[in-house]
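Thanks for coming. I have one model to go through today, and I will keep it short. Please look at the structure on the screen.

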Amino acid sequence: MKVLGIMGSSRRDGNTNDLLDVALKGAAEAGADVEKIILLDYNIHHIYNCQDCKRRGECPSDDWPIVRDKIFAADGLIWATPLYWYTVSGLTKVVLDRLCCTMYWYSPEYFLEQVKGKAAAVIVTQEEKSFEQTQHLLGTMKLVFGYEFCQWVDLGYVIGIGGSRGTVLKIEETVRQAYELGRKFAQFKSG
Ligand SMILES: Cc1cc2nc3c(=O)[nH]c(=O)nc-3n(C[C@H](O)[C@H](O)[C@H](O)COP(=O)(O)O)c2cc1C
């Protein structure tokens with residue numbers, strides 16, 4: 001089981017990264033191979049809707065193919081994002097949008113073959129204490145997971161409350177939930 005953590009915060013050492021690390025530790029300690037990508041480290045521009053992949057077989061010059069191939073190679077995806085204006089971060093949204101390059105224009109069938117049946121989950125960090133604020137983000141991700149050309153198996157989510165760096169790790173119950181979420185990935189059997 002290969003688990004890919006997709007870290008979508010603008011702070012590489014912030015709450016989102018901390019909580020994702022806990023989940024990946026849970027997955028690794030339960031036997032999974034884990035990898036984390038920090039989206040800040042990649043140059044992935046917003047979608048141009050250029051359809052160059054269809055015409056030339058490849059995306060134009062940015063790091064998208066690297067990230068795409070890591071997503072394709074993983075059996076499980078943990079999408080870790082801070083809540084920004086009640087939805088996913090821009091870094092995360094750009095990756096979701098760029099999935100459409102392969103999905104719509106290159107080949108939906110090829111895309112589905114690469115991604116179908118993966119386990120997927122969400123880790124969200126936010127400052128506001130009410131989980132009502134998170135419902136829009138969770139609803140969006142649930143629809144993404146269930147989309148006909150994704151068909152990912154939803155392993156759930158963890159919400160961490162945090163403002164300044166390090167605060168989310170002070171909430172024991174949240175840390176436990178993130179660790180358990182990671183373990184679920186290791187125990188996941190596809191099909
Ligand atoms: C641009 C921006 C928008 C934000 N929007 C929200 C929001 O809508 N609701 C909320 O509870 N927190 C919001 N926050 C706070 C962050 O979600 C919170 O501090 C989170 O823990 C940051 O994660 P990080 O430590 O990984 O950077 C926002 C922060 C930023 C920078």
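I will take the sheet, then one helix, then the surroundings of the ligand.

Keep in mind that this is a predicted model.

The sheet is open and has five strands, in the order β2-β1-β3-β4-β5, with parallel pairing. At the edges stand β2 and β5, residues 153–161, each with a single partner strand, so one side of each has no neighbour in the sheet. From one strand to the next, the twist averages 15°. If you want to check the register, β1, residues 2–7, pairs with β2 in the parallel sense over six bridges, and Gly5 has Lys36 in β2 as its bridge partner. Helix α7, residues 172–187, packs on this sheet and touches β1, β3, β4 and β5. The direction of α7 makes about 160° with that of β5.

Next, helix α3, residues 64–73. Which of its residues are buried? They are Trp64, Val67 and Arg68. Down the axis of α3, these buried residues fall within an arc of 100°, so they line one face of the helix. Among the elements covering them are β2, residues 33–38, and α4, residues 90–106. On the other side of α3, Asp69 and Ala73 are exposed.

Last, the ligand. It is surrounded by 19 residues, and the closest are Ser9, Gly14, Thr16, Pro82 and Glu128. By type, the shell divides into five nonpolar, ten polar and four charged residues. Both α1, residues 15–29, and β4, residues 119–126, supply at least two residues of the shell. The most comes from α1, with three residues.

That is what I have; questions are welcome.

Note on methods
Residues numbered from 1 in each chain as written. Predicted model: local features only at pLDDT ≥ 70, side-chain atom pairs only at ≥ 80, totals over all residues. Near = placed C-beta within 6 Å. Helix = DSSP H or I, 4+ residues; strand = E, 2+ residues; numbered from the N terminus. Nonpolar A, V, L, I, M, F, W, Y, C, P; charged D, E, K, R; others polar. Buried ≥ 20, exposed ≤ 12 C-beta atoms within 10 Å, placed from the backbone. Arc of directions from axis to C-beta. Contact = placed C-beta atoms within 7 Å. Pairing = 2+ DSSP bridges. Axes fitted to C-alpha atoms, helices over the stretch in contact; angles between N-to-C directions.
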